Amino acid sequence: MSHTPDYNSPSALNAFLEENDMGMQKKFGQNFLINQTAREKLAEATEIKENTSVWEVGPGLGALTSELLKRSATVTAFEIDRGFSQALATIFTDEIKSNHFSLVTGDFLKTWKTEFQKHGIPDRFFGNLPYNVGAIIIGDLINNGVRFNKSVVTVQKEVALRMEAKPSSKNYSSFSILCQWAYDIYPLMDLSGGSFWPRPNVNSRAVVMNKKENFPGCTHPKHFMNLQRSLFISRRKTIKNNLSRFYKDGDLASAVLEKAKIAPSARAETLSLQTLLNLSDISAEIQNLKVESW
Ligand code: SAM
């Protein structure tokens, strides 16, 4: 293993992989961002100062990592592909020695908690996330009460549309509510397949997620997460129907809806985050739920 590959050139990346006996693994959603302008814009949006700590998911061969390191960040990178991980250890030898770069090899969904227990929450979360698990990664962190001051992530455009969606729009879902509960979300830029190698069949969007101040905004966060998810299980059903199934008790559902002043015939997709938070508080109060620690 030797030089740093030219991150803008598919042929150079391909040659680097061949020289080092590595291949691309489709199952890991490996699409390198070969657009230098986009990489710089992503790093700039992350607003890094000297030694800002960043978790990067899926560094690949380090195209984005190098932008973070150029800006003097301290990066912990989580990479599932062992070959890529070995390559990164060589490409960023100096940064490893100066404690600006460390690697966690394995599935982020299985490794992040240990890193979190050891070092706490970093300032930033960053990544050109693998298409197949991008939404799962974002959801897993919020579901566990972990939020970063700022996150900049590139995801499949459909996932970004769900993250940003407003009530009564077709993309509004329990994932929209989860994301908007925890963060203010802004689109940064759209990226077509041509910005990546190999070229994916989907478009991507980079989004900025800024931590919300008034989180969690309800008395029982876990109850809220379960309740709001259950309301979208049968999207076309009324809120009364979905809530009755959640409680296994139609009368309780009616009482909670009445106190929350929500029509039983309403559908969850029309309700704002604030209305759902209020519904959760009333639901917890009527059931006398114990106050939760996160
Ligand atoms: N950051 C590089 C870039 O932009 O050129 C590569 C991005 S590529 C879309 C996604 C990366 O995530 C790949 O390197 C892949 O091996 C890695 N990956 C996929 N699933 C992962 C997981 N569960 N945990 C950690 N890394 C993962």
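**Exercise 1. Determine which backbone atom lies 2.7 Å from a nitrogen atom of the ligand.**

Solution. The nitrogen atom of the ligand is paired with a polar backbone atom of G58, at 2.7 Å. This pair is a polar contact, that is, a pair of N or O atoms within 3.5 Å. The model is a predicted one, in which local features need pLDDT of at least 70 and side-chain atom pairs count only at pLDDT 80 or more, while totals for chains, interfaces and linings use all residues. Residues are numbered from 1 along each chain as its sequence is written, and side-chain values use heavy atoms, with hydrogens and water left out.

**Exercise 2. State which side chains place a polar atom 2.8 Å from the ligand, and how much of the ligand the protein buries.**

Solution. First, D107 has a polar side-chain atom 2.8 Å from a nitrogen atom of the ligand. Next, a polar side-chain atom of N128 is 2.8 Å from an oxygen atom of the ligand. Finally, the ligand taken alone exposes 590 Å², of which the protein buries 98%; these areas come from the Shrake-Rupley method with a 1.4 Å probe.

**Exercise 3. Describe the residues that surround the ligand.**

Solution. The shell holds 22 residues, with Q30, G58, E79, D107 and N128 the closest; a residue belongs to it if one of its heavy atoms lies within 4 Å of the ligand. By class, the shell has 11 nonpolar, 7 polar and 4 charged residues, where Ala, Val, Leu, Ile, Met, Phe, Trp, Tyr, Cys and Pro count as nonpolar, Asp, Glu, Lys and Arg as charged, and the others, Gly among them, as polar. By element, β1 (32-33), α3 (63-70) and β3 (74-79) each supply at least two residues of this shell. Helices (H or I, at least four residues) and strands (E, at least two) are DSSP runs, numbered from the N terminus.

**Exercise 4. Locate the cis peptide bonds at P198 and P216.**

Solution. The bond from W197 to P198 is cis, with omega near -10 degrees, and P198 is in the loop between β8 (196-197) and β9 (204-211). The bond joining F215 and P216 is also cis, with omega about 5 degrees; P216 lies in the loop between β9 and α10 (221-231).

**Exercise 5. Give the sign of phi at N51 and the place of this residue.**

Solution. Phi of N51 is positive, near 65 degrees, in a residue other than glycine. N51 is in the loop between α2 (36-45) and β2 (53-57).

Note on methods:
Polar contact = N/O pair within 3.5 Å; in protein donor to acceptor, adjacent residues only side chain to side chain.
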